[in-house]
Amino acid sequence: MTVCIAAKAAIHKDPALVLCMDMMGSTDYSSAETTWKLHGLCPDFYGLIAGPVSAARELAYCCGPQIEGKTNIVALLPALRDGVGAYKRMFADAHIRSRIGISYDEFMSKGSTFLSEDVHRELCWEIKTHYSQAELIVAGFCGQWPVLLKVSGDSVCECDDFAVVGSGTPVAESSLLHRSQNMHNSIDLTVYQVYEAKRLAEKSPGVGKVTKLAVFFPGRKFQYVLQAGFKKLEEQFENFGPQTVTLRNLPEDTLTARLPQGE
């Protein structure tokens, strides 16, 4: 329950990544806007997480070492998939240890010899069908070129212009597509359009009101939007965001004539 957004900007002038997140963290019984969702993965890449916080952080921790030192997308994609595989193996090992007290390796090599067929099949099914709901945006630079990768479920993919994770994804993605957000936009325009997408995503379940927004440059340089900056962005949102509809009646020639009753 969250929304995190990353977008490329100004790739041929002053290449940057605009990173945005809410701060909502929740349990089955309560919630608070105190959860930081931007994590350093390795020297050149940061991650934005969504889903159950503990699972999403484990996913990030598993992926970071795999992508470290990778300098192009051809190397990054399989390395990130290896990270997802390491995360799934970590879950499998923890699950088997908690259920029957042995390692996953021992379960795979010897489990069928001392467990009943039903128990063995059940454990295999639990591992196979496990879905953690953890999502991850990997954002960074290969040299001067901004890179965005997204992990969601079993899918690992490269994102051309922007990436969104969390329960606010449908609304935020729709907003960014409506604005034609793309990597050639200026940093200033991208910052606003990402902010607008996040504000609209607050209508989605579980998305918090608190917003954190930063601009990430090559060389691990950051610029952060401060409170005064958010006031300016909110003023722009009031100007350019959705407006209250005051229309009372459509022009008479907008709709076809109504048919008489009974026809």
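This report walks through helix packing, two aromatic residues in a strand, the cysteines and two backbone oddities in a predicted model.

## Helix H1 against H2

Let's start with the helices. H1 covers residues 53-67 and H2 covers residues 73-100; their axes sit 8 Å apart and the pair packs at an angle of about 135°. That angle makes H1 and H2 oblique to each other. If you're looking at the handedness, the crossing of H1 and H2 is right-handed.

Who touches whom? On the H1 side, the contact uses Ala55, Glu58, Leu59, Cys62, Cys63, Gln66 and Ile67. Facing them from H2 are Leu76, Ala79, Leu80, Asp82, Gly83, Val84, Ala86, Tyr87 and Met90. Sorted by class, the contact of H1 with H2 comes to 12 nonpolar, two polar and two charged residues.

## H4 and its two partners

Helix H4 (residues 117-129) packs with H2: the two axes come within 10 Å and cross at roughly 145°. The crossing of H2 and H4 is right-handed. H2 brings Phe91, Ala92, His95, Ile96, Arg99 and Ile100 to this contact, while H4 supplies Glu122, Leu123, Glu126 and Ile127. The class count for the contact of H2 with H4 is six nonpolar, one polar and three charged residues.

H4 also meets helix H3 (residues 104-114), with the axes coming within 11 Å and crossing at roughly 145°. Here H3 passes H4 in a left-handed crossing. Tyr104, Phe107, Gly111 and Ser112 of H3 make the contact with His120, Leu123, Cys124 and Ile127 of H4. By class, the contact of H3 with H4 has five nonpolar residues, three polar and no charged.

## Phe45 and Tyr46 in strand S6

Now for a strand. Phe45 lies in strand S6, and Tyr46 lies in S6 too, a strand that spans residues 45-50. Phe45 is buried, with just 1% relative accessible area. Tyr46 also counts as buried, at 14% relative accessibility.

Leaving out neighbours within four places in sequence, Phe45 is in contact with Gly40, Ile67, Lys70, Leu76, Val138, Ala139, Gly140, Phe141, Cys142 and Val147. Two of those names have come up already: Ile67 belongs to the H1 side of the H1 and H2 contact, and Leu76 to the H2 side. As for distance, Phe45 and Gly69 are 24 residues apart along the chain, and their C-alpha atoms are separated by 9.9 Å.

Tyr46 has its own set of partners, again not counting residues up to four places away: Leu38, His39, Gly40, Leu41, Ile137, Val138, Ala139, Phe216, Arg220 and Phe222. Gly40, Val138 and Ala139 appear in this list, and they are listed for Phe45 as well. Tyr46 and Gln66 are 20 residues apart in sequence and, C-alpha to C-alpha, 13 Å apart in space.

## Cysteines without partners

If you're planning to look for disulfides, the tally is quick: the structure holds zero. A disulfide is a covalent bond between the sulfur atoms of two cysteines. Take Cys62, where the closest cysteine sulfur is that of Cys63, 6.7 Å away and too far for a bond; the cut-off used here is 2.5 Å. Cys62 is buried as well, with a relative accessible area of 9%.

Cys142 tells a similar story: Cys142 is in no disulfide, and the nearest cysteine sulfur, in Cys42, is 9.9 Å away. At 15% relative accessibility, Cys142 counts as buried. Cys142 is also one of the residues that Phe45 touches.

## Two positive phi values

Most residues other than glycine have a negative phi. Ala10 has a positive one, near 50°, and is not a glycine. Where does Ala10 sit? Its place is in the loop between strand S1 (4-9) and strand S2 (16-22). Ala10 is buried, with a relative accessible area of 11%.

Arg220 is another non-glycine with a positive phi, this time about 65°. You'll find Arg220 in the loop between strand S11 (211-217) and strand S12 (221-224). Arg220 is partly exposed, with 44% relative accessible area. And to tie this back to strand S6, Arg220 is among the residues that Tyr46 touches.

Note on methods:
Residues are numbered from 1 along each chain as its sequence is written. This is a predicted model: local features need pLDDT of at least 70, side-chain atom pairs count only at pLDDT 80 or more; totals for chains, interfaces and linings use all residues. Side-chain values use heavy atoms; hydrogens and water are left out. Buried means under 20% relative accessible area, exposed over 50%, partly exposed in between (1.4 Å probe, protein chains only). Axes are lines fitted to C-alpha atoms, for helices over the stretch in contact, and angles run from 0 to 180 degrees between N-to-C directions. Helices (H or I, at least four residues) and strands (E, at least two) are DSSP runs, numbered from the N terminus. Angles under 35 degrees count as roughly parallel, over 145 as roughly antiparallel, 65 to 115 as roughly perpendicular and the rest as oblique. A crossing is left-handed if the near helix is turned anticlockwise from the far one by less than a right angle, and right-handed if clockwise. Contact means heavy atoms within 4.5 Å. Ala, Val, Leu, Ile, Met, Phe, Trp, Tyr, Cys and Pro count as nonpolar, Asp, Glu, Lys and Arg as charged, and the others, Gly among them, as polar.
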